[in-house]
Amino acid sequence: MTTTHGTTPAADGFRMPAEFERHRGTWMVWPERPDNWRLGAKPAQEAFVAVATAIAESEPVTMAVSARQYENCRSLLPDAVRVVEMSNDDSWMRDIGPTFVVDGTGRLRGVDWIFNAWGGLVDGLYFPWALDDAVARKVCEIEGADRYRAPIVLEGGSIHTDGEGTLFATEECLLSAGRNPELSKEEIEAELRAYTGVTKVVWLGRGVYLDETNGHVDNLINVARPGLVLLTWTEDPDDPQAEISLDARRRLESATDAAGRSLEVVTLPSPGPILITEEESGGVDVVKGTLPRRPGDRLAGSYANAYVCNGRVVVPRLDPRFDDEALEIYAKAFPDRSVVGVPAREVLLGGGNIHCITQQVPDPDLA
Ligand code: KQY
């Protein structure tokens, strides 16, 4: 593996494919830290196994895991899932893994963004994060992909692309004080273009209410195909989410994408509101410097936080009142894929969902 210096993916003719384009595989990281996952992460591990198993039925899955948890992880996952030892600080492969780019001639490279635990010393979620920041490099090495070390702080969950030149992001996240405060919006946009190969950035305002990532776009929307966006929505005008989603809808419906298309917006119901129970809170270790999990706190549950892989879409089951409706919306939006619901409350309790814990490796032979 080499690190590419002094150039960028766009300058070298690379682009970030959309998630719905063909994959070579998927990466995840095994959860274990007891100050984020209740009961020593046992319930979360069960949920991660269900997610990995659902994906592994359609494409190869690799699970990265610390040395401490290797035996346990290997024994709980099906043989079809490859398990590799890799140091980490937590288990959000979307955010700590590389963003892969392809050039249409069979070459695959990885973009290794700077990771600072969602806000560093300003409002980051834990310290230290150095092991997480090294994960993208190691994944690139194993995938045989040359690497670009990008000059900005960014997590994979804060960007979505349509593979045809359009990138979606929220101002709340990318302009947050804990990431790149020295850069203007225009300068951040220039880095997004340079490192993903897009030509158009569609800026949304805020992400899902109380999302601890400062409003990652992957919890607010999902991109089903160029020109079709699924948006988290609530019909309750008193819910703070209503105003956020309305603003996002207005911005999406008044935007055009890189190809000049208008965007169609399909709404997804919001689960809940989902609150942390006494029992759930009591199972999380209290550690100074990490985000407390207090009883009654509202979680940023969203059906947008689903993963699109080869031939299927893996959608979180979060609330029996809305799960089936959300799955039906996905089935309509992805008519050529099977839609699989996986119980994901335990993932949500850690602060994210199925999209946040997965990272695709696109097929290098994509055009
Ligand atoms: O991408 C995500 N949603 C990750 C959330 C991290 C939460 C850490 N407790």
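The legends below walk through several close-up views of a predicted model.

**Figure 1. Arg33 and Asp35, a buried charged pair.** Let us start with a pair of side chains that hold opposite charges. Side chains of opposite charge can pair when their charged atoms come close. Here Arg33 and Asp35 form a salt bridge, and 2.7 Å separates their closest N and O atoms. Are these two residues buried or exposed? Arg33 is buried, and Asp35 is buried too. Keep in mind that this pair belongs to a structure that holds 30 salt bridges.

**Figure 2. Asp103 and Arg107, a salt bridge with one buried partner and one partly exposed partner.** The closest N and O atoms of Asp103 and Arg107 are 2.8 Å apart in this salt bridge. The two partners fall into separate classes of accessibility. Asp103 has a relative accessibility of 15%, so this residue counts as buried, because buried means under 20%. Arg107, with a relative accessible area of 41%, is partly exposed.

**Figure 3. Arg249 and Glu253, a salt bridge within helix 9.** How far apart are the closest N and O atoms of Arg249 and Glu253? They lie 3.3 Å from each other, and the two residues form a salt bridge. Both residues sit in helix 9, which covers residues 240–253. Arg249 and Glu253 are 4 residues apart there, so about one helical turn separates them. Arg249 is partly exposed at a relative accessible area of 26%, and Glu253 is partly exposed at 44%. Elsewhere, Asp112, Asp133, Arg147 and Arg149 are joined into one network by salt bridges that share partners.

**Figure 4. Two cis peptide bonds, at Pro128 and Pro273.** Look at the peptide bond between Phe127 and Pro128: this bond is cis, with omega at about 0°. Where is Pro128 placed? You can find Pro128 in the loop that runs between helix 4 (120–123) and helix 5 (130–133). Now turn to Gly272 and Pro273, which are also joined by a cis peptide bond, here with omega at about 10°. Pro273 is in the loop between strand 12 (264–269) and strand 13 (274–275).

**Figure 5. Leu39 and Ala41, two residues with positive phi.** Both of these residues belong to the loop between strand 1 and helix 1. Strand 1 spans residues 23–29 and helix 1 spans residues 42–56. Which sign does phi have at Leu39, positive or negative? The value is positive, near 50°, in a residue other than glycine. Ala41 is not a glycine either, yet its phi is positive at about 70°. Ala41 is also buried, with a relative accessible area of 0%.

**Figure 6. Thr166 and its surroundings.** Thr166 is part of strand 8, which takes in residues 166–170. This threonine has a relative accessible area of 0%, so Thr166 is buried. Which side chain makes a polar contact of 2.8 Å with the side chain of Thr166? The partner is the side chain of Asp162. A polar atom of the Thr166 side chain also lies 2.9 Å from the backbone nitrogen of Ala258. With neighbours within four places in sequence left aside, the residues in contact with Thr166 include His160, Thr161, Val198, Lys200 and Val202. Asp257 and Ala258 are among the contacts as well.

Conventions: Residues numbered from 1 in each chain as written. Predicted model: local features only at pLDDT ≥ 70, side-chain atom pairs only at ≥ 80, totals over all residues. Heavy atoms only, no water. Salt bridge = Lys/Arg side-chain N within 4 Å of Asp/Glu carboxyl O. Buried < 20%, exposed > 50% of the residue type's maximum accessible area, 1.4 Å probe, protein only. Helix = DSSP H or I, 4+ residues; strand = E, 2+ residues; numbered from the N terminus. Polar contact = N/O pair within 3.5 Å; in protein donor to acceptor, adjacent residues only side chain to side chain. Contact = heavy atoms within 4.5 Å.
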